[in-house]
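Trainee: Could you take me through the reading of a structure, one feature after another? I would like the general idea at each step, and then the case at hand.

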Amino acid sequence: MKKLIALCIALTGLCATRTMSQTRTVELKVIETSDVHGHFFPYDFIEGRELRGTLARASTYIKRQRRHYGDRLLLLDNGDILQGQPCTYWSNYVMPEDMNLAASVVNYLGYDAETFGNHDVETGHKVYDKWIREVRCPMLGANIVDTSSELPYVRPYALIERDGVRIAILGMLTPTIPCWLNESLWQGLEFQEMVSCAKRWVKYIQQVEHPDLILGLFHSGLNGGITMENGIEEDATERVAQEVEGFDAIFFGHDHMVHNVTLKSPGGRDVLCLDPSCYVLNVAEATIRLTFEGDRLVGKDIRGEIVDVRQEEVDEQMVAHFQPTIDRIKEYVGLRIGHFATTVGTRDCYFGPSAFTDFVHELQLRISGADISFNAPLSFDSKIEKGPVTVAAMFKLYRFENQLYVMKMTGREIRGHLELSYDRWVNTMTGPDDHLLLLNDESRGDQQRMGFRNYTFNFDSASGIDYEVDVTKPDGEKVRILRMSNGEPFDENKMYRVVMNSYRANGGGDLIIRGGGIPKDSLPGRTVYQSELDLRHYLMEEIERQGTVHPKAAKNWKFVPEKWTKAAAKRDRLLVFGKD
C-alpha cells in the first residue's frame, strides 16, 4: 500500500511538472517617444542653455529598462523628429551630404520601428527619402501610398518576434497633410483615411502573420483637429481604437498632449492608448504580460504609464559619441549675422502691434514686393535681446522651415482671413471687466497654446493696411479695415498681392480657406510667387545686408474700444505670463 501511495505521489508530481512546463508567462516592455522635434541632446541650441528631457536623458531610462528586459523591450518612435532644434536644420540643409543626424540618433538608440510625422514630410522628398534609407529600423506608414504603384510608400507594418511572441506594429500618419503642405513636398504620395486603412491592414495581418499582439504606432492625435471637405480627420486615434477590431495597444502622438486612456474596441476589448506629448519630457510605456499554454495564448495583461524623464541623468556615453557633431552645430548657431538695436519678444504680439511680429512683416514685404503681409508668432514665448544677432536667434524669430509665398486675394478675402484669425484670438467683450483674450485654463499644459483656447501660431495680424479690431462685435464682424498704410483707399473688390508663409498659403489653420473663402483647390492658381528656400534663410540674408536693424511696432492696427481693451490687456498679460 505504501508503494502504491508513493507511486501515485510521483505520478502526480510528474503531471504537475508537465502542466507547468506547458504554461509560460512572457513580460514585454514597449517604450515610445513622439514629437521629438530635434530634442536629441541636453542642450538648447536656440537659447544656449541646458534642456530638460531630451533623448539623452530618455536614453538613461531606456538603458535601465533594457538591463532588466533585454530583447523583450521594444523601442518605438512616432515621428516629427526632423524639425525643431537647429541641429536638425543644420543636418537637413546645411550638411545634407552627411548622414542625417536624426537617423544617426535613432540608430544609436536602437529603435525597433519608426513612423513619419507631418513635420518630417515638410522637409521635402530630398531630405526625408534620404532619412528613410539611413534609418536601420523599419519605417512604417500603411496609409502613405505611392500613387504610381498604389502600394505603401514605406512598410505598412513590422513583424517582430521576441521570446516566442509575434508582435505586429502597424504605422500610420495623419492624412490631412494636404491641408498644410504644398504638393511639391509630397509629390507622388497619397494619404489615406485612417479607419478604413487600419481595417484592411489589421485583417491582412491577422490572416497572414497570426500575431500574438497588434500594436498601433500613429502620428495622429486622439481626436479633434481639422476635418477635410471629404470628411477625413486629422486626429483619428480614438476612432481607430473604437471602430477597428484587433488592436491591443496604440502608441500615438502629434497633438502634443499627454494621454493614457483605455478605450473599447467594437468587440468590447480594452485598447490601451498612450501619448507621451512632445520634446521627450516623457516617454510612454506599456508593460505587457502574456500567458501561454503550449503555443496557445490564453491571457493578456496590458498596463500603460507616462514616465517623466526630465530628472533622469544625462547619458554621458551618448553625448560623448555625438560630441564632435554637437560642437560643429554650436559653432554654426553661434555665427553672428547682424545686430538688433532693440530687444523684441513674442509676448507683445498678443496684445497689439509688436516689434517682433512687425519686423517679420517688414522683411516679408521688402523681400516679396507684396502689398499686404500676414504673419503670426510661431513661438509662444520667445525673445531676441538687443545686441549681436546669431544664427540661433533666427530660430526664435522664425521657428519652422516655411517657404515664402505671395498669393492673389481680394480685399474681401483679406478681411475674412483676418476675421477668423481674431475670432480665434480674442474674446467678445460685453463689459470692461471681461477678458480681452480667448483663454482656456485646460490648455496650459499644451506647448502650443499655454492658456489660450486656440493655437497661437494661427493668430495672423496684417501689415500694409490700417485697421481696427472691435472686440465688442460678434465673430465675423470685428475687423474694420480703414485704408492702405500708404494712404490709398482699401477696396474690398480689388485684387491684392499678399505675402505669407507656405503653411498658411496651403490652407494651414483654415484662415485662407474658411476665413478668406478661397476653395482649397483654387489656392495653386492664386499663387504668384513661391520661394525656393525657407523663409528663415531669406530673413537671415536681409539682416546680414542691413547689418544693424531697428525693429519697431508699426502701430497700424489696434483693439477697440481702448477704454476697455487697454486695461483688459494688462490683466490678461499678467494672467498668461505673470510678471515680465
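**Cavities, cores and backbone**

Mentor: Let us start with an enclosed space: the largest cavity is lined by C349, G352, P353, S354, T357, D358, P377, W425, F459, S461 and W557. Please keep in mind throughout that this is a predicted model.

Trainee: What volume does the largest cavity have, and how do the residues of its lining divide by class?

Mentor: The volume of the largest cavity is about 60 Å³, and its lining divides into six nonpolar residues, four polar and one charged. The count comes to three cavities of 30 Å³ or more.

Trainee: Which residues line the second largest cavity, and which helix gives the most to that lining?

Mentor: The second largest cavity, with a volume of about 40 Å³, is lined by F356, T357, V360, N375, A376, P377, L378, L397 and Y398. Helix 10, residues 355–368, gives the most to this lining, with three residues. By class, the lining of the second largest cavity has seven nonpolar residues, two polar and no charged ones.

Trainee: W425 was named in the lining of the largest cavity; where is W425 placed, and which residues does W425 touch?

Mentor: W425 is placed in helix 12, and it counts as buried because its relative accessibility is 1%, where buried means under 20%. Not counting residues up to four places away in sequence, W425 touches C349, Y350, L437, L438, F459, D460, S461, W557 and F559. For one of these partners, D460, which is 35 residues apart from W425 along the chain, the C-alpha atoms of the two are separated by 9.0 Å.

Trainee: How many residues of helix 12 are buried, and what span should helix 12 have at 1.5 Å a residue?

Mentor: Helix 12 is mostly covered, with 13 of its 15 residues buried. At 1.5 Å a residue, helix 12 (residues 411–425) should span 21 Å, and its end C-alpha atoms are 21 Å apart, so the two values agree.

Trainee: Let us turn to the nonpolar interior. What is the general idea there, and which residues have the most contacts inside the largest nonpolar core?

Mentor: In soluble globular proteins, nonpolar side chains tend to be buried together. Here the largest nonpolar core has 92 residues, and those with the most contacts inside it are F40, F116 and W131. Helix 9, residues 316–333, supplies the largest share of this core, namely seven residues. Apart from it lies another core, of 43 residues, among them L418, V426, I518 and V576.

Trainee: Which residues are in contact with F116, leaving aside its neighbours within four places in sequence?

Mentor: With those neighbours left aside, F116 is in contact with N78, G79, V121, Y128, W131, I132, M139, L140, I144, V154, L173 and H219.

Trainee: Is N118 buried or exposed, and which residues are in contact with N118?

Mentor: N118, which lies in helix 5 (residues 118–121), counts as buried because its relative accessibility is 7%. Leaving aside its neighbours within four places in sequence, N118 is in contact with D80, L173, I177, W180, L181, H219 and H254.

Trainee: Where is the place of L523, and is L523 buried or exposed?

Mentor: L523 has its place in helix 15, residues 523–526, and is buried, with a relative accessible area of 3%. With its neighbours within four places in sequence left aside, L523 is in contact with M407, A505, N506, G507, I512, I513 and I518.

Trainee: Finally, the backbone. What is the general expectation for phi and for peptide bonds, and where does H37 lie?

Mentor: Most residues other than glycine have a negative phi, and most peptide bonds are trans. H37 lies in the loop between strand 1 (23–33) and strand 2 (43–44), and its phi is near 50 degrees, a positive value in a residue other than glycine. H37 is also buried, with a relative accessible area of 4%. Y279, in the loop between strand 15 (270–276) and strand 16 (282–293), has a phi near 65 degrees, a positive value as well, and Y279 is buried at a relative accessible area of 12%.

Trainee: What is the peptide bond from V560 to P561, cis or trans?

Mentor: The bond from V560 to P561 is cis, with omega near 0 degrees, and P561 is found in the loop between strand 30 (557–560) and helix 17 (562–577).

Note on methods: Residues are numbered from 1 along each chain as its sequence is written. This is a predicted model: local features need pLDDT of at least 70, side-chain atom pairs count only at pLDDT 80 or more; totals for chains, interfaces and linings use all residues. Side-chain values use heavy atoms; hydrogens and water are left out. Helices (H or I, at least four residues) and strands (E, at least two) are DSSP runs, numbered from the N terminus. Buried means under 20% relative accessible area, exposed over 50%, partly exposed in between (1.4 Å probe, protein chains only). The expected span of a helix is 1.5 Å times one less than its number of residues. On a 1 Å grid over the protein atoms alone, a cavity is a set of points where a 1.4 Å probe fits but cannot get out, and a pocket is an open set with protein on both sides within 12 Å along at least five of seven lines; lining residues have an atom within 4 Å of a point. Grid points are joined across faces, edges and corners, and a volume is the space filled by probe spheres set on the points. Ala, Val, Leu, Ile, Met, Phe, Trp, Tyr, Cys and Pro count as nonpolar, Asp, Glu, Lys and Arg as charged, and the others, Gly among them, as polar. A nonpolar core is a set of buried Ala, Val, Leu, Ile, Met, Phe, Trp, Tyr and Cys residues joined through side-chain atoms within 4.5 Å. Contact means heavy atoms within 4.5 Å.
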